[in-house]
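Q: I have a model open on my screen and I'd like to learn how to read it. Can we go through it together?

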Amino acid sequence: MCGIVGYIGNSSAITPVIEGLEALEYRGYDSAGITTISDKKTLTIKQIGRVDSLKPAIDQDGDKTAKLAIGHTRWATHGVPSNTNAHPHQNTSGTIFVVHNGIIENYQTLRAMLKKDGYKFVSETDTEVIPNLIDYFLKAEKDFFSAFKLAIKELEGAYAIAAVYANDPDSIFVARLSSPLVIGVGESAHYVASDATAIMQHTKKVVYLNDYEVAVVKKAKVHIEDLRANINTSREAQELEHDLETAELGQYEHFMAKEIDEGPQTIQSASRGRLRLDGNIVKLGGLESVEAQLKYIDRIVIVACGTSYYAGLVGEYLIEEIAGIPVEVELASEFKYRHEPFSRSTALLAISQSGETADTIAALKKVEDYGVLRLGVVNAVGSTIARMTDAGVYCHAGPERSVASTKAFLAQVTVLAEIALYLSQGRSLLYKPVLKELLQLPDKLKTVLEQAEKIEALAKKYRHYRDFLYIGRGYAYPSALEGALKLKELSYIHAEAFAAGEMKHGPLALIDEHFPTFALIPDGDLLEKTLSNVQEIKARSGPVIAIATKGNKSVARLADDVIYIPPSLEQLQPLLMVPVMQLFAYYVTVHKQLDVDKPRNLAKSVTVE
Ligand code: M6R
């Protein structure tokens, strides 16, 4: 999705802004641009394509003396990817420049109003109304910040905005509503960004802007106001936790390969200091502040999107089985428009890697006034969801750069298993076995990842198929859903998942020799049931790749190809099976010569509805 970076300080502004935009490339975008201001000289360079393609024009014409710049990577929402629609956008007279993430829902009304007043529009974007609206208010206001605030108050929708003014080369004006914006505090400099990743190579001290806040960011100071309360606000900068190195590619060709490989240490990080075998202790510091409230919770609604939603489905099985609390998992995009009954003894649990997913944020906002407990399982520290929930448990997976979520899923499921144990208060028969097994899983996962070559060979064999079915029962069902999502989002092969028990209710009609199935058949109570489904598929000539437990003989007799996982508890098998399917999707994509880390049409952080 779109990215914002800005710099004001003593050094040339172009370098940190371009570096910041490059750091945001993982989010996905189609065009990029930058505006510099120095001594009232303004220069905008923007075009379709990668940040790299801006560099020749910047080398040739860029204003290296400018100490202020704002930059943007655009992911098209209103209007096609084009040079004209790329940000920054300017007002008709070319004095005000704006970069914007999000969607201005009332832009057509504003545009019509401004057009009547003589403003000219050149792009198809919603963003272009913003500089013109500021200009409109500036005619009557004495200073730019007042006009900026009046304009922001008129905007409906979601936005993170950075604006600069030709007559004020010392300030960046920022605003946010439902879209993240962070201010970085440097040495005689300040940075602004939509994602801390963009600035963490320069500073780890950051201030997150809250909804309805606006700020004037100068070289040596930041002034923040709350637009709703009409008051000045100030807060201490906080330290970013993530290590820059973990966000670098290192020896790997793709972030996805690196992030899959980080699986074992991801499970370890999500358990560190939380699970203690001596004494069988599960300690979740993030939930301690709401411990008393948790005792009265008799229902949990999990909201999430994409991979986080599938992790939520595993969480549903875990929490219900281990803690005995009824759980429902809802797609955040559906939840926010539903009219379901909600009592105070229900807790809402949001799961999100980025902590910035617009639909998940909207789901949390929906229950803001219900007085219910809002919990989070979030990876990005200090993100919007982490800050708007009452309590939560961080995933500690480190930065995830590939658009396809991999290690975050493992961290989420690990944390959800820990939450299930915590909520069970040691009463479940599964308490000790699950706790013990969680600590052994990193080593077990290493043996799964050691089979990468074998999985690559399978990927080569199956990469030409157009469709794929993924099936599983019990804990293997949400795992199958996640496996299918990985394959479709990366390789563009049509893939869908079904609970294996559903095959006879429809999907079996699809099966022939051209329609392979990925069958998840680990050892457990449901093994024989899923084997019968595979038998039915084989009877219709469907090719089958299976995931089975090491030592199992019956699966190999039926399936065309088998990948083995080490024996484990059913409840934790998703943590061993999903990485197999991640690797399969990865290698299919590599051998189809597609962009692994940035699949078409997708963005890492989905900050618009
Ligand atoms: O950052 P979040 O976990 O809230 O993101 C949710 C989904 O957008 C994300 O999982 C998406 O489905 C990934 N592309 C899946 O690989």
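What follows is a short chat about the ligand site and two spots in the backbone.

A: Happy to. Keep in mind that this is a predicted model.

Q: Let's begin with the ligand. How many residues surround it, and which are the closest?

A: A residue is taken as near the ligand if one of its heavy atoms lies within 4 Å of it. Here 15 residues surround the ligand, and the closest are Ser308, Ser352, Ser354, Thr357 and Glu489.

Q: What is the make-up of that shell, in nonpolar, polar and charged residues?

A: Sort the shell by residue class and you get eight polar, five nonpolar and two charged residues.

Q: Which polar atoms should I look at around the ligand's oxygen atoms?

A: For a polar contact, look for N or O atoms within 3.5 Å of each other. The side chain of Ser308 has an N or O atom 2.6 Å from an oxygen atom of the ligand. For Ser354, a side-chain N or O atom is likewise 2.6 Å from a ligand oxygen. With Gln353 you look at the backbone instead: a polar backbone atom there is 2.7 Å from an oxygen of the ligand.

Q: How much of the ligand does the protein bury?

A: Compare the ligand on its own with the ligand in place. Alone, the ligand exposes 410 Å², and the protein buries 91% of that.

Q: Where does the ligand sit, and which elements build the shell?

A: You'll find the ligand in the largest pocket. Helix H10 (306-323) and helix H17 (476-491) are the elements that give two or more residues to the shell. By domain, at least three shell residues come from each of domain 2 (248-449) and domain 3 (451-609).

Q: And the backbone: what should catch my eye?

A: Most peptide bonds are trans, and most residues other than glycine have a negative phi. Now look at the bond from His87 to Pro88, which is cis with omega near -5°. Pro88 is in the loop between strand E4 (68-74) and strand E5 (89-90). Then try Tyr212: not a glycine, yet its phi is positive, about 70°. Tyr212 lies in the loop between strand E11 (205-208) and strand E12 (213-217).

Key. Residues are numbered from 1 along each chain as its sequence is written. This is a predicted model: local features need pLDDT of at least 70, side-chain atom pairs count only at pLDDT 80 or more; totals for chains, interfaces and linings use all residues. Side-chain values use heavy atoms; hydrogens and water are left out. A polar contact is a pair of N or O atoms within 3.5 Å; within protein, one must be able to donate a hydrogen and the other to accept it, and residues adjacent in sequence count only if both atoms are side-chain atoms. Accessible areas come from the Shrake-Rupley method with a 1.4 Å probe; for residues, only the protein chains shown count as cover. On a 1 Å grid over the protein atoms alone, a cavity is a set of points where a 1.4 Å probe fits but cannot get out, and a pocket is an open set with protein on both sides within 12 Å along at least five of seven lines; lining residues have an atom within 4 Å of a point. A molecule sits in a cavity or pocket if more than half of its atoms lie within 2 Å of its grid points. Helices (H or I, at least four residues) and strands (E, at least two) are DSSP runs, numbered from the N terminus. Ala, Val, Leu, Ile, Met, Phe, Trp, Tyr, Cys and Pro count as nonpolar, Asp, Glu, Lys and Arg as charged, and the others, Gly among them, as polar. Domain bounds come from an automatic or database domain assignment.
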